[in-house]
Amino acid sequence: MTEYLSGLLVGLAYVAPIGLQNLFVINTALTQKKSRVYLTALIVSFFDISLALICFFGIGTLIIQWKIVQMALLLVGSIVVVWIGIGLLRAHDTMDTSTKVDVPILKVITTACVVTWFNPQAIIDGTMLFGTTRTTLPLEDATHFIMGSSSASLIWFFGISTILSIFNAKFTDKVLRVINVVCGVVIIFYGVKLFINFIQLVMA
């Protein structure tokens, strides 16, 4: 349960900062009927979870076979993750309602795929966060962790869709700022944890 909650917290901090996926879901929630809103949230969640699984079990599993690679990735990953967190603390995102969301479902699917799987930053961030984390966990704990992280995607995208559908007028730039700050603090904390894992691996 501890690793599940850890994965849930890290997953929320990873997915919540406003990016292309979130903007698409937000704009859909603000302008479309509920059936389209929830279908969009499900599609975006699917691609987000699939990327996390590949980074975690694919790249992460390969990494744990070589200690030197583990050490290198833990060191680099901890630095990158902390840098991501600092970037979130410094970010000043604004609501962007210019994205066109009234499109066919096939277009929603291809758009969700592109902004996830063809986004180099998303792949790098996912590899550094999830791939690196996999090297620190035994298989059973790893499974619980990624289940928590996957749950976070569903909770976030469906949650924000529901909240915006009900309280869309109250979702402002200030709210986005608070989300970024909270997520930035969590990500920095986790980056420090990865660096401690690096130190422990070096001294082992």
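Here are some notes on this predicted model, point by point.

1. Ground rules. Because this is a predicted model, local features need pLDDT of at least 70 and side-chain atom pairs count only at pLDDT 80 or more, while totals for chains, interfaces and linings use all residues. Residues are numbered from 1 along each chain as its sequence is written, and side-chain values use heavy atoms, with hydrogens and water left out.

2. Overall make-up. The protein chain has eight helices and zero strands, so the order from the N terminus reads α-α-α-α-α-α-α-α. Both kinds of element are DSSP runs, numbered from the N terminus: helices are H or I with at least four residues, strands are E with at least two.

3. Burial and surface. Of the 204 residues in the protein chain, 46% are buried. Here buried means under 20% relative accessible area, exposed means over 50%, and partly exposed is what lies in between (1.4 Å probe, protein chains only). The accessible surface of the chain is about 10,300 Å², and carbon and sulfur atoms account for 74% of that. These areas come from the Shrake-Rupley method with a 1.4 Å probe; for residues, only the protein chains shown count as cover.

4. Contacts. Take the contacts (heavy atoms within 4.5 Å) between residues at least 6 apart in sequence: 89% of them join residues at least 24 apart. For one long-range example by C-alpha distance, look at K34 and S161, which are 127 residues apart along the chain with C-alpha atoms separated by 8.6 Å. K34 is in helix α3 and is partly exposed, at 47% relative accessible area.

5. Helix α1. This one covers residues 2-15, 14 residues in total, and reaches 20 Å from its first C-alpha to its last, close to the 20 Å expected at 1.5 Å a residue. The expected span is 1.5 Å times one less than the number of residues. The buried residues in α1 include G7, L8, V10, G11, A13 and V15.

6. Aromatic pairs. There are six in the structure. Rings of Phe, Tyr and Trp (its six-membered ring) pair if their centres lie within 6.5 Å; planes under 30 degrees apart are stacked, over 60 edge-to-face, and the rest tilted. F46 and F47 make an edge-to-face pair, 5.2 Å centre to centre with 75° between the planes. F46 is exposed at 55% relative accessible area, whereas F47 counts as buried at 11%.

7. The F56 pair. F56 and F145 are stacked, because their ring centres are 5.7 Å apart and their planes at 10°. This pair links distant parts of the chain: F56 sits in helix α3 (residues 34-63) and F145 in helix α7 (residues 139-167), 89 residues apart. F56 is buried, with 0% relative accessible area, and F145 is buried with 0% too. Add F57 and you have one aromatic cluster of F56, F57 and F145.

8. Nonpolar patch. Worth a look on the surface: L75, V76, I79, F195, I199, V202 and M203 make a nonpolar patch of about 630 Å². The elements giving two or more residues to the patch are α4 (67-90) and α8 (173-203). Helix α8 has the largest share, with four residues. F195 belongs to α8 and is partly exposed, at 37% relative accessible area. Patches are made of residues with over 30% relative accessible area and no salt bridge, joining like charges within 9 Å and nonpolar side chains (Val, Leu, Ile, Met, Phe, Trp, Tyr) within 5 Å. A salt bridge is a side-chain nitrogen of Lys or Arg within 4 Å of a carboxyl oxygen of Asp or Glu.
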